[in-house]
Amino acid sequence: MVPSIISFLGKVIGVSLLAIAIVAIGGNILVHYHQTQMVSGHYSGHYSYVVSITGLSDYQGDPVTDIVVPIPAIGGSPVFSEENFQQMTSDNCTPLPITTGDGEMLALRLPGTNLTNISAAKSGGFSRDLLLEEIREDGFVPGSSRFFGAENTSGDFPYIIIPDSLHPISSCPEPISVSINFSIFGSTTSGEHRPDYLVSIVEQIPPGKAGKIPVEPVIYRRNSLGEPFEPITPGV
């Protein structure tokens with residue numbers, strides 16, 4: 001009888017020690033995984049880039065017309081690669097990379113002389129935590145130093161290129177409206193949601209204005225999906 005009790009107690013103690021060891025090992029693994037995630041900077045955010053140009057139906061152009069717009073950047077480095085341009089979705093135009101004196105930009109190519117509204121979009125992911133300073137620093141290429149309060153020239157700003165060949169076909173043409181939105185959606189790490197950012201360009205280009213047209217991005221932020229985007233004052 002006694003040996004049976006001792007054997008039973010031995011089994012209970014053995015199972016208890018095994019359970020404690022498993023819990024301890026599992027806890028150490030979770031702590032190590034969490035620390036590795038934080039140290040390695042592994043985050044799962046994503047971005048969206050959408051360009052929309054309207055009012056073109058009041059104009060005619062060359063047999064091939066290119067409207068050139070800035071591309072998104074993080075910390076001054078373009079988000080796009082050569083392959084990304086090929087993966088863009090578009091409507092009534094062909095997105096193409098174009099090299100300018102200020103760096104690579106996006107040309108939206110329209111076929112035919114009769115123009116119409118166009119759009120292009122691209123989304124993707126990134127595995128890093130982004131700081132507001134990186135968003136401020138050249139949210140588009142060509143970049144802008146306005147966010148730093150520096151002395152600016154026209155070359156410091158992102159710009160749009162409207163070809164001189166565009167001419168109105170009516171006596172009262174509408175302005176060409178350009179909307180460019182670069183949205184950066186933060187990741188959720190250890191239950192904490194990173195802020196979402198929106199770098200937006202909205203420009204009304206009146207008839208007869210062409211060539212290189214400087215534009216000014218506005219940065220917005222929200223802390224959760226349920227909140228509206230709020231503008232960020234430069235320098236704050």
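Select I162 and display the residues around it. In this predicted model, I162 is in contact with I67, I205, K209, A210, G211 and I213, leaving aside its neighbours within four places in sequence. The residue belongs to strand 11, which covers residues 159–162. I162 has a relative accessibility of 2%, and it counts as buried because that value is under 20%. Now add K212 to the selection. I162 and K212 are 50 residues apart in sequence, yet their C-alpha atoms are 6.7 Å apart in space.

**The whole chain**

Next, zoom out and show the protein as a cartoon. Three helices and 19 strands can be traced along the chain. The protein has 236 residues, and 36% of them are buried. Turn on a surface display: the accessible surface comes to about 12,800 Å², and carbon and sulfur atoms account for 58% of that area. Contacts that link distant parts of the sequence can also be considered here. Among contacts between residues at least 6 apart in sequence, 71% join residues at least 24 apart.

**The sheet of three strands**

Select residues 71–74, which form strand 4. Which strands lie on either side of strand 4 in its sheet? The order is 5-4-10, in an open sheet of three strands with antiparallel pairing. Strand 5 and strand 10 are at the edges; each has a single partner strand, so one side of each is left without a neighbour in the sheet. As a general point, strands of a sheet pair through backbone hydrogen bonds, in either a parallel or an antiparallel manner.

Examine the two pairings in turn.

- Add residues 77–78, which make up strand 5; two bridges hold it to strand 4 in the antiparallel sense. I74 has S77 as its bridge partner, and A73 stands opposite P78.
- Add residues 140–141, which make up strand 10; two bridges also join this strand to strand 4, and the two run antiparallel. Here the bridge partner of P72 is F140.

Now look at the turn that connects strand 4 to strand 5. These strands form a hairpin with two residues between them, and G75 in the turn has a positive phi of about 65°.

Are the faces of strand 4 covered or open? Both are covered: I71 and A73 are buried on one side, while P72 and I74 are buried on the other.

Continue along the chain to P142, in the loop between strand 10 and strand 11. Display the backbone from V141 to P142: the peptide bond there is cis, with omega near 0°.

**The sheet of seven strands**

Move to the open sheet with the strand order 6-9-1-13-16-18-19, which has seven strands and antiparallel pairing. Its edge strands are strand 6, at residues 89–91, and strand 19, at residues 230–231; each of them pairs on one side only. Select strand 6 together with strand 9, residues 118–126. The two strands run antiparallel and are joined by three bridges. Within this pairing, S90 has A120 as its bridge partner.

Just beyond strand 6, select N92, in the loop between strand 6 and strand 7. N92 has a positive phi, near 65°, although the residue is not glycine. Its relative accessibility is 41%, so N92 counts as partly exposed.

Next, select D196 in strand 16, which spans residues 196–205. Is D196 buried or exposed? D196 is buried, with a relative accessible area of 0%. Show its surroundings: apart from residues up to four places away in sequence, D196 touches I184, F185, G186, Y220, R221, R222, L225 and F229.

**The nonpolar core**

Select Y49, I53 and L56. These residues touch the most other members of the largest nonpolar core, a group of 43 residues. Strand 13, at residues 176–185, gives the most to this core, with five residues.

**Two cysteines**

For the last stop, select C93 and C172. C93 is buried, with a relative accessible area of 8%. C172, by contrast, counts as exposed because its relative accessibility of 63% is over 50%. How many disulfides does the model contain? The count is zero, where a disulfide requires a pair of cysteine sulfur atoms within 2.5 Å.

Definitions and conventions: Residues are numbered from 1 along each chain as its sequence is written. This is a predicted model: local features need pLDDT of at least 70, side-chain atom pairs count only at pLDDT 80 or more; totals for chains, interfaces and linings use all residues. Side-chain values use heavy atoms; hydrogens and water are left out. Buried means under 20% relative accessible area, exposed over 50%, partly exposed in between (1.4 Å probe, protein chains only). Helices (H or I, at least four residues) and strands (E, at least two) are DSSP runs, numbered from the N terminus. Two strands pair if DSSP finds at least two bridges between them. Contact means heavy atoms within 4.5 Å. Accessible areas come from the Shrake-Rupley method with a 1.4 Å probe; for residues, only the protein chains shown count as cover. A nonpolar core is a set of buried Ala, Val, Leu, Ile, Met, Phe, Trp, Tyr and Cys residues joined through side-chain atoms within 4.5 Å.
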